[in-house]
Amino acid sequence: MESSRNPVSLKQDYPEPEALPSLLELTSLNQVDGFDSFKPASSFQTFSLSATGTETSDVQNAANEPLSIDNLIHAVSISMPASPMQATLMSNENRVLFDGHGGDGFADGIADPSVASETLAKQVKFHSQPMPKGAAIDQPVDFSHHPSIRRLKDRRFDTFKTWQGKLEKQLSNLRGKPQERGPDQEVPQNSENEALPVDRYFDALEGPELDTLRPSEEIVLPDDKTWPFLLRYPVSSFSICLGVSSQAIMWKTLATAPSTKFLHISLEVNRILWFISLVLVAIVSSIYLLKLIFFFEAVRREYFHPIRVNFFFSPWIALLYLCLGVPPSIAENLPEALWYVLMVPIFCLELKIYGQWMSGGQRRLSKVANPSNHLSIVGNFVGALLGASMGLKEGPIFFFAVGLAHYAVLFVTLYQRLPTNATLPKELHPVFFLFVAAPSVASMAWAKIQGSFDHGSRIAYFIALFLYFSLAVRVKFFCGFKFSLAWWAYTFPMTGAAIATIRYSSEVTNIVNQTLSVILSAVATLIVTALLVTTIIHAFVLRDLFPNDIAIAISDRKPKPHRNWFHRRNGSSDHAGCKKGADLETCFNPPKTDNN
């Protein structure tokens with residue numbers, strides 16, 4: 001017993017040595033800022049390491065026992081991840097943190113729960129997804145590479161813009177950020193666009209209206225994307241205005257003509273159609289005016305196109321139709337100055353086009369003759385009809401004479417189909433109904449000038465009626481065409497023939513003429529209604545009414561010819577008869593076949 005107590009007595013005899021500060025100090029998991037597994041002092045868990053791994057034990061009466069180092073001697077702190085991504089990165093990783101300097105949250109080596117709680121609240125963060133580059137305030141996000149923005153900034157369209165992108169470039173330079181051009185945004189070097197010769201249109205394009213690119217040709221605009229809307233908007237859109245506004249005139253004539261009084265048609269129909277025509281003309285004109293402002297080069301190319309140039313008469317003819325179809329409730333008599341204002345542009349266009357027909361140059365009539373040339377003739381007769389309705393004499397006769405002379409020349413040229421006229425297609429096309437428009441309007445204009453439907457008016461009317469029937473019976477020649485704005489060429493010639501028939505039936509009233517008037521009016525109304533509905537469907541539902549206008553994007557350079565080189569051998573018997581230095585193609589004779 002004494003021997004066992006000797007160590008105790010020795011321990012008491014010697015003074016206890018002074019404790020040295022430890023180099024490493026164990027910390028509790030709730031003593032370090034930012035640990036996710038922090039719990040209040042009343043209840044916490046400790047994680048201890050055993051020989052087999054990590055084991056967890058819950059301290060039941062931790063609230064009643066004071067915190068001490070002895071209780072946490074084997075504690076290991078584990079940092080819990082703040083997000084699933086961090087959990088993946090921190091897998092199989094135990095991080096033990098120490099504070100040997102007694103920083104914040106420690107008092108004499110013992111954790112202070114209140115301080116640790118406040119610190120943890122400040123340190124916990126919820127990390128969002130990575131922010132895109134350039135999202136800071138001092139570095140704005142660059143959206144210039146977005147496909148829609150790149151399409152708007154495509155420099156290949158600059159040659160067709162009015163300012164060729166110079167205004168936008170100056171504004172960018174003023175902002176201190178010069179424009180950057182990608183490989184697909186190079187501007188063609190030929191910025192000064194010259195008028196294309198008419199031969200280029202015939203060489204590069206084909207089809208009834210010269211609107212299809214030949215396989216050997218290239219265009220100056222990108223063919224792998226949809227062009228801006230204004231570039232795709234053709235001047236032939238005014239043919240829609242001609243069809244609808246002519247309907248307003250027809251229903252006005254049906255309501256006021258003596259031969260059709262039995263139909264009891266109200267003038268309210270004419271009024272509704274006239275307002276629709278007015279709105280339609282305003283919309284189409286506004287859109288094309290924007291094209292003229294922003295894409296002047298495209299308008300100029302349409303003007304030099306041998307077929308499209310005739311459609312520049314369409315807006316002025318549409319305005320003449322609006323004056324003829326004005327409801328009596330709005331205006332009984334229009335001012336005479338209005339007629340002069342509308343006829344001056346038509347007169348200027350005729351000076352240019354008729355002069356080219358007569359000069360014998362590249363745009364002579366025998367080379368550019370097409371049924372759409374009737375639009376340049378119809379304007380004379382519509383103007384003469386409106387002027388005579390206003391009470392004018394000399395002006396309407398002048399335009400009637402000019403139109404009659406050139407209509408005779410055009411009529412003969414189109415009938416002859418000269419070998420040099422390569423624009424006429426073999427199959428019939430809707431624009432062939434323009435043959436009917438000029439004589440129909442001419443008959444009414446001369447009747448208005450003379451004051452009665454006399455023999456001259458009847459001759460013109462019978463010519464129009466015969467052409468109408470000769471085209472109507474050939475239905476199969478008008479089938480198989482894809483819908484386009486050219487189909488509106490059906491409308492106002494058929495409406496003009498119906499109006500002329502109503503005027504003739506008022507002069508020669510019988511059951512045959514009255515029935516013919518009703519039939520032609522019904523057919524014209526059905527055609528216009530069907531085309532109007534089809535146009536709306538293609539414009540707003542199918543959205544294919546305005547495809548890329550290839551006719552204005554042809555190159556000013558001819559494609560390089562592909563030479564066919566023949567294999568020539570020295571001493572070959574195939575070309576024994578060829579002289580030395582002679583052209584091989586001139587002496588190459590293909591074998592002849594017997595036709596017996």
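## Starting inside: I377 and the nonpolar cores

Let's begin with one residue, I377. Setting aside neighbours within four places in sequence, I377 is in contact with Y354, W357, G403, H406, Y407, L410 and A438. Before going further, please keep in mind that this is a predicted model.

I377 also belongs to a bigger group. The largest nonpolar core has 110 residues, and I377 is listed with Y321, V382 and V436 as the members that touch the most others. Which helix gives the most to this core? That is α16, with 11 residues. There is also a second, separate core of 11 residues, and W227, L230, F295 and A298 are among its members.

## The protein as a whole

Now let's step back. The protein has 596 residues, and 40% of them count as buried. Its secondary structure comes to 20 helices and six strands.

How much of the contact network links residues that lie 24 or more positions apart? Taking the contacts with a separation of 6 or more, such pairs account for 75%. For one pair to look up in the structure, try L278 and L319: they are 41 residues apart along the chain, and their C-alpha atoms are separated by 8.8 Å. L278 is found in helix α9. It counts as partly exposed because its relative accessibility is 36%, which lies between the 20% limit for buried and the 50% limit for exposed.

## Two helices to follow

Helix α8 runs over residues 238-256. It has 19 residues and reaches 28 Å from its first C-alpha to its last, close to the 27 Å expected at 1.5 Å a residue. Why is α8 described as largely enclosed by the rest of the structure? Because 18 of its 19 residues are buried.

Helix α17 covers residues 455-472, which makes 18 residues. From first C-alpha to last, α17 reaches 25 Å, close to an expected 26 Å. Its buried residues are S457, A460, Y461, A464, L465, L467, Y468, S470 and L471. And what do the buried residues of α17 pack against? Their partners are α15 (394-416), α16, α18 and α19 (511-541).

## A pocket among the helices

Next comes some empty space. The second largest pocket has a volume of about 680 Å³. It is lined by 28 residues, and those closest to its centre are K252, L324, S389, K448 and R503.

Five helices each supply at least two residues of this lining: α8, α11 (314-324), α14 (374-389), α16 (434-450) and α18 (491-507). Helix α8, which we have just met, gives the most, with five residues. What classes of residue make up the lining of the second largest pocket? There are 17 nonpolar, six polar and five charged residues.

## Two residues with positive phi

Finally, look at two backbone angles. H264 has a positive phi of about 55° although it is not a glycine. You can find H264 in the loop between α8 and α9 (267-294). Is H264 buried or exposed? It is exposed, because its relative accessible area is 72%, over the 50% cut-off.

R543 is another non-glycine residue with a positive phi, here near 55°. R543 is found in the loop between α19 and α20 (584-587). With a relative accessible area of 70%, R543 is exposed.

Methods:
Residues numbered from 1 in each chain as written. Predicted model: local features only at pLDDT ≥ 70, side-chain atom pairs only at ≥ 80, totals over all residues. Heavy atoms only, no water. 1 Å grid on protein atoms, 1.4 Å probe; cavity = no way out; pocket = protein on both sides within 12 Å on 5 of 7 lines; lining within 4 Å. Points joined across faces, edges and corners; volume = space filled by probe spheres on them. Helix = DSSP H or I, 4+ residues; strand = E, 2+ residues; numbered from the N terminus. Nonpolar A, V, L, I, M, F, W, Y, C, P; charged D, E, K, R; others polar. Expected span 1.5 Å × (residues − 1). Buried < 20%, exposed > 50% of the residue type's maximum accessible area, 1.4 Å probe, protein only. Contact = heavy atoms within 4.5 Å. Core = buried A, V, L, I, M, F, W, Y, C linked by side-chain atoms within 4.5 Å.
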